[in-house]
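Biologist: Could you take a close look at one part of this model for me, the place where two helices pack together, and explain each term as you go?

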Amino acid sequence: IHSLLLWDKETGKFAKDENDPLNVDILIVDEFSMVDQYLFYNLLKACGSLKKLIVIGDADQLPSVAMGTVLKDLIESELFKVIKLDKIYRQKEGSDIIYLAKDIKNEEVTEIPINNEIRFFECDKTDIKDITLQIVEHALNKYETLEEGFMNVQVLAPKHKGVNGIENLNVALQKKFNPYSKNKRQLQVGYRTFRLGDKVLQLKNQPDDDVYNGDIGIIVEIIFASEDHNNQNRIIADFEGRIVEYTYDTFSNLAHAYCMSVHKSQGSEYPIIILPMSLEYSIMLQKRLIYTAVTRAYKSLIFVGQKEAFFKGIVAKEMSLRKTTLKQRLIDEVNFYEQI
């Protein structure tokens with residue numbers, strides 16, 4: 001959407017608006033649950049000549065990071081035609097991952113089905129990291145190359161900090177699968193050490209480089225300032241054929257991606273998802289988050305940790321519900337014009 005509306009990262013404004021609208025008849029927006037109220041407002045401003053707007057999304061997944069629950073409000077207003085899709089293509093028909101996701105959504109989980117698709121390695125929270133490393137190693141061995149494995153095996157976690165948080169798990173996974181070597185280049189950026197061959201995550205949109213928030217790549221080259229004609233350190237990453245160069249100004253847009261947040265994974269899918277479950281995640285463990293994480297997997301879903309954390313999480317609602325007026329304002333607006 002940012003690219004479509006010609007977003008200027010310097011000013012934070014969109015070039016496409018009511019004065020320069022989009023020149024299209026039909027617009028389809030996927031993963032719409034991730035669209036916040038402000039972004040939708042700016043999209044609509046540029047849709048003055050549009051004939052039809054189609055939005056696609058799952059209202060049971062995590063809401064947008066920024067304000068609003070736009071998809072939910074649009075559906076609940078009952079003012080728009082809603083088509084519910086009942087055939088799932090991500091997982092094969094009869095998949096236990098599908099059944100588990102549906103049961104989480106409907107709050108009907110009584111036990112976790114254990115089979116070829118779903119595993120739960122129960123352990124104390126102090127053992128989660130080590131067992132996760134073993135499971136990842138086993139999963140990576142299914143692929144011909146480490147790089148191929150990295151792109152198909154994904155560890156997700158709800159929280160950045162803590163013993164089993166994203167940051168600690170990334171450090172452990174990097175040490176295990178891309179360790180220090182005097183023959184391998186690395187660059188210290190703040191508290192992170194980026195190394196040749198690292199799996200990395202894009203944190204912000206860089207439309208000029210055709211790389212966006214949530215994209216995953218591999219570091220293919222590191223150039224030291226002493227070798228650069230501008231005297232700058234450089235990191236070069238390959239995002240599935242899109243080569244992107246980072247310097248001091250954009251280093252902050254990169255993070256390790258051996259483990260990533262469930263929020264960042266939304267909109268993506270992976271053959272193998274590994275999901276730590278720890279009571280230390282506390283309020284971050286919520287039904288929507290676990291549902292979103294489960295539905296990222298299309299072949300294999302592996303839980304590691306405390307079953308108590310899983311069952312507490314799937315019944316936990318958001319601590320603070322978002323209070324929006326969009327639904328009621330839409331209804332009031334329609335009622336007003338019907339009375340004219």
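Modeller: What follows is a walk through one helix pair and a salt bridge beside the topic of their packing. This is a predicted model, in which local features need pLDDT of at least 70 and side-chain atom pairs count only at pLDDT 80 or more, while totals for chains, interfaces and linings use all residues. Residues are numbered from 1 along each chain as its sequence is written, and side-chain values use heavy atoms, with hydrogens and water left out.

Helix H3 covers residues 96-105 and helix H8 residues 287-294, and the two pack at an angle of about 165° with their axes 10 Å apart. Helices here are DSSP runs (H or I, at least four residues), as strands are (E, at least two), numbered from the N terminus; axes are lines fitted to C-alpha atoms, for helices over the stretch in contact, with angles from 0 to 180 degrees between N-to-C directions. H3 and H8 are therefore roughly antiparallel, a label for angles over 145 degrees. Their crossing is left-handed, meaning that the near helix is turned anticlockwise from the far one by less than a right angle.

Lys287 and Glu107 join their side chains in a salt bridge, 3.3 Å from N to O, where the term requires a side-chain nitrogen of Lys or Arg within 4 Å of a carboxyl oxygen of Asp or Glu. Lys287 belongs to helix H8 and Glu107 to the loop between H3 and strand S5 (118-122), so that this pair links distant parts of the chain, 180 residues apart. Lys287 counts as buried at 17% relative accessibility, whereas Glu107, at 42%, is partly exposed; buried means under 20% relative accessible area, exposed over 50%, and partly exposed in between (1.4 Å probe, protein chains only).

Definitions and conventions:
Parallel < 35°, antiparallel > 145°, perpendicular 65-115°, else oblique.
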